[in-house]
Amino acid sequence: MSATVTESNLKQKEIEAKKNTFVAYEIGEYYYSLGDYPKSVEWYEHAVSGVPVVPLALYALGYAC
């Protein structure tokens with residue numbers, strides 16, 4: 001499993017998220033923890049629109065909306 005998203009590794013994680021939907025979900029969780037809900041929804045949507053779909057991201061997207 002990949003390391004948790006932090007401010008210092010955010011840019012690298014965004015690059016990884018292009019190929020890994022779970023990383024997109026982790027970025028969504030990071031932004032949600034900061035209270036940036038629109039940005040978290042954006043990343044959750046990315047995680048559910050890719051392959052494979054991340055089921056946790058579906059739940060988080062519904063909860064955030």
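I began at the start of helix 2, where a side-chain oxygen of N20 reaches to within 2.9 Å of the backbone nitrogen of F22. I note here that the model I am reading is a predicted one.

Next I checked the length of helix 2, which takes in the 14 residues 21–34. At 1.5 Å a residue these should span 20 Å, and since the end C-alpha atoms are 20 Å apart, the expected span and the model agree. Looking just past the helix, I found that G35 follows helix 2 and that its phi is positive, near 85°.

Which residues of helix 2 are buried? I listed T21, V23, A24, Y25, E26, I27, G28, Y30 and Y31, where I take buried to mean under 20% relative accessible area. I then looked up what covers these buried residues, and the cover includes helix 1 (10–17), helix 3 (37–49) and helix 4 (55–64).

Turning to the whole protein chain, I counted 4 helices and 0 strands, so that from the N terminus on the elements run α-α-α-α. The radius of gyration of the protein chain is 10 Å, close to the 11 Å that the globule rule gives for 65 residues, and therefore the chain is as compact as a globular protein of that length. Along its principal axes, the C-alpha trace spans about 30 × 25 × 15 Å.

Last, I looked at burial and contacts: 40% of the 65 residues in the protein chain count as buried, and among contacts with a separation of 6 or more, 31% come from residues 24 or more positions apart. The accessible surface of the protein chain comes to about 4200 Å², and 60% of it belongs to carbon and sulfur atoms.

Technical notes
Residues are numbered from 1 along each chain as its sequence is written. This is a predicted model: local features need pLDDT of at least 70, side-chain atom pairs count only at pLDDT 80 or more; totals for chains, interfaces and linings use all residues. Side-chain values use heavy atoms; hydrogens and water are left out. Helices (H or I, at least four residues) and strands (E, at least two) are DSSP runs, numbered from the N terminus. The expected span of a helix is 1.5 Å times one less than its number of residues. Buried means under 20% relative accessible area, exposed over 50%, partly exposed in between (1.4 Å probe, protein chains only). Contact means heavy atoms within 4.5 Å. A polar contact is a pair of N or O atoms within 3.5 Å; within protein, one must be able to donate a hydrogen and the other to accept it, and residues adjacent in sequence count only if both atoms are side-chain atoms. The radius of gyration is taken over C-alpha atoms; the globule rule is 2.2 Å times the number of residues to the power 0.38. Accessible areas come from the Shrake-Rupley method with a 1.4 Å probe; for residues, only the protein chains shown count as cover.
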